[in-house]
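Could you walk me through this model in the viewer, telling me what to select at each stop and what I will find there? A friendly pace is fine.

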Amino acid sequence: MIYTPLVKLSDCKIIPHVDVMCSFIREHNLPELPEGKTEILGQDLYLRVFKYFPYDERERQFETHRVYGDVHFILRGVEKIQTVGGEEHLMPATSYDEKKDIQFFTTEQDITDIILREGDAAIFFPGESHRPMCRLRELSEPILKYVFKFKC
């Protein structure tokens with residue numbers, strides 16, 4: 001997992017297609033993109049746009065992916081993403097869904113909060129657990145969030 005200012009994303013050369021991601025951000029008016037999926041390099045790199053009110057963390061589950069990594073960043077709002085220090089603490093809640101490249105887990109141990117504000121990015125590689133879309137405070141504002149999905 002990497003937590004970085006979005007303006008430093010281009011320094012993270014370990015991320016496949018990071019230069020294409022940065023060019024896409026520079027060349028597009030992000031608030032005008034429609035919700036849902038926008039293909040950039042076919043299935044190797046695409047962007048998902050989300051607009052939502054964040055959830056209570058008890059309403060969300062931890063997730064991992066096997067094929068894709070994620071670059072989460074916020075254009076409007078504040079979100080808490082949680083991660084787990086060791087996969088030995090994760091208890092499977094579902095089986096792996098190969099078509100959606102996702103498996104859900106539960107845990108009560110070794111949880112770390114990451115606060116994602118406008119201008120921040122959180123990068124998760126395959127196998128790294130995360131519980132996104134969580135509310136930071138009791139009162140929450142709507143979130144405008146972008147997630148690059150990159151094939152590893």
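Start by selecting glycine 36, which sits in strand S2 (residues 36-39). As you look around, keep in mind that this is a predicted model. Is this glycine buried, exposed or partly exposed? Glycine 36 is partly exposed, because its relative accessible area of 27% falls between the 20% limit for buried and the 50% limit for exposed. Now show its surroundings: leaving out residues up to four places away in sequence, glycine 36 touches Leu47, Arg48 and Val49. Add tyrosine 146 to the selection and draw a C-alpha to C-alpha distance. Glycine 36 and tyrosine 146 are 110 residues apart in sequence, with 9.6 Å between them in space.

Next, pick valine 71 together with Ile15. In the largest nonpolar core, which has 22 residues, Ile15 and Val71 are the ones that touch the most other members. To see which parts of the fold contribute, colour helix H1 (18-27) and the strands S3 (45-52), S5 (68-76), S10 (120-124) and S12 (143-151): each of these elements gives two or more residues to this core. Which residues does valine 71 contact, once neighbours within four places in sequence are left aside? They are Leu9, Ile15, Met21, Ala121, Ala122, Ile123, Tyr146, Val147, Phe148 and Phe150. Apart from this core lies another one, of nine residues, and Ile74, Ile114, Phe124 and Met133 are among them.

From there, move on to the sheet. Select S9, S6 and S11: these three strands form an open sheet in the order S9-S6-S11, with antiparallel pairing. Strand S9 (111-116) and strand S11 (131-134) are the edge strands, each pairing on one side only. From one strand to the next, the twist averages 25 degrees.

Stay on strand S6 (residues 79-84) and look first towards S9, with which S6 pairs over six antiparallel bridges. Isoleucine 81 has isoleucine 114 as its bridge partner in S9, and glutamate 79 is matched there with leucine 116. Then turn to S11, where the antiparallel pairing with S6 runs over two bridges; here glutamine 82 has arginine 131 as its partner.

Why is S6 largely enclosed by the rest of the structure? Because six of the six residues of S6 are buried. Colour its two faces separately to see this: Glu79, Ile81 and Thr83 are buried on one side, and Lys80, Gln82 and Val84 are buried on the other.

Two backbone spots come next. Select methionine 133, which lies in strand S11. Although not a glycine, methionine 133 has a positive phi of about 65 degrees. At 13% relative accessibility, methionine 133 is buried. Then jump to aspartate 110, in the loop between strand S8 (103-106) and S9. Aspartate 110 is not a glycine either, yet has a positive phi of about 55 degrees. This residue counts as partly exposed, at 41% relative accessibility.

For the last stop, turn on the surface and find the largest pocket, which has a volume of about 520 Å³. Its lining is made up of 23 residues, and those nearest its centre are Arg48, His65, Lys100, Ile102 and Lys149. S3, S5, S11 and S12 each give two or more residues to the lining. Which element provides the largest share? That is S12, with four residues.

Technical notes: Residues are numbered from 1 along each chain as its sequence is written. This is a predicted model: local features need pLDDT of at least 70, side-chain atom pairs count only at pLDDT 80 or more; totals for chains, interfaces and linings use all residues. Side-chain values use heavy atoms; hydrogens and water are left out. Two strands pair if DSSP finds at least two bridges between them. Axes are lines fitted to C-alpha atoms, for helices over the stretch in contact, and angles run from 0 to 180 degrees between N-to-C directions. Buried means under 20% relative accessible area, exposed over 50%, partly exposed in between (1.4 Å probe, protein chains only). A nonpolar core is a set of buried Ala, Val, Leu, Ile, Met, Phe, Trp, Tyr and Cys residues joined through side-chain atoms within 4.5 Å. Contact means heavy atoms within 4.5 Å. On a 1 Å grid over the protein atoms alone, a cavity is a set of points where a 1.4 Å probe fits but cannot get out, and a pocket is an open set with protein on both sides within 12 Å along at least five of seven lines; lining residues have an atom within 4 Å of a point. Grid points are joined across faces, edges and corners, and a volume is the space filled by probe spheres set on the points.
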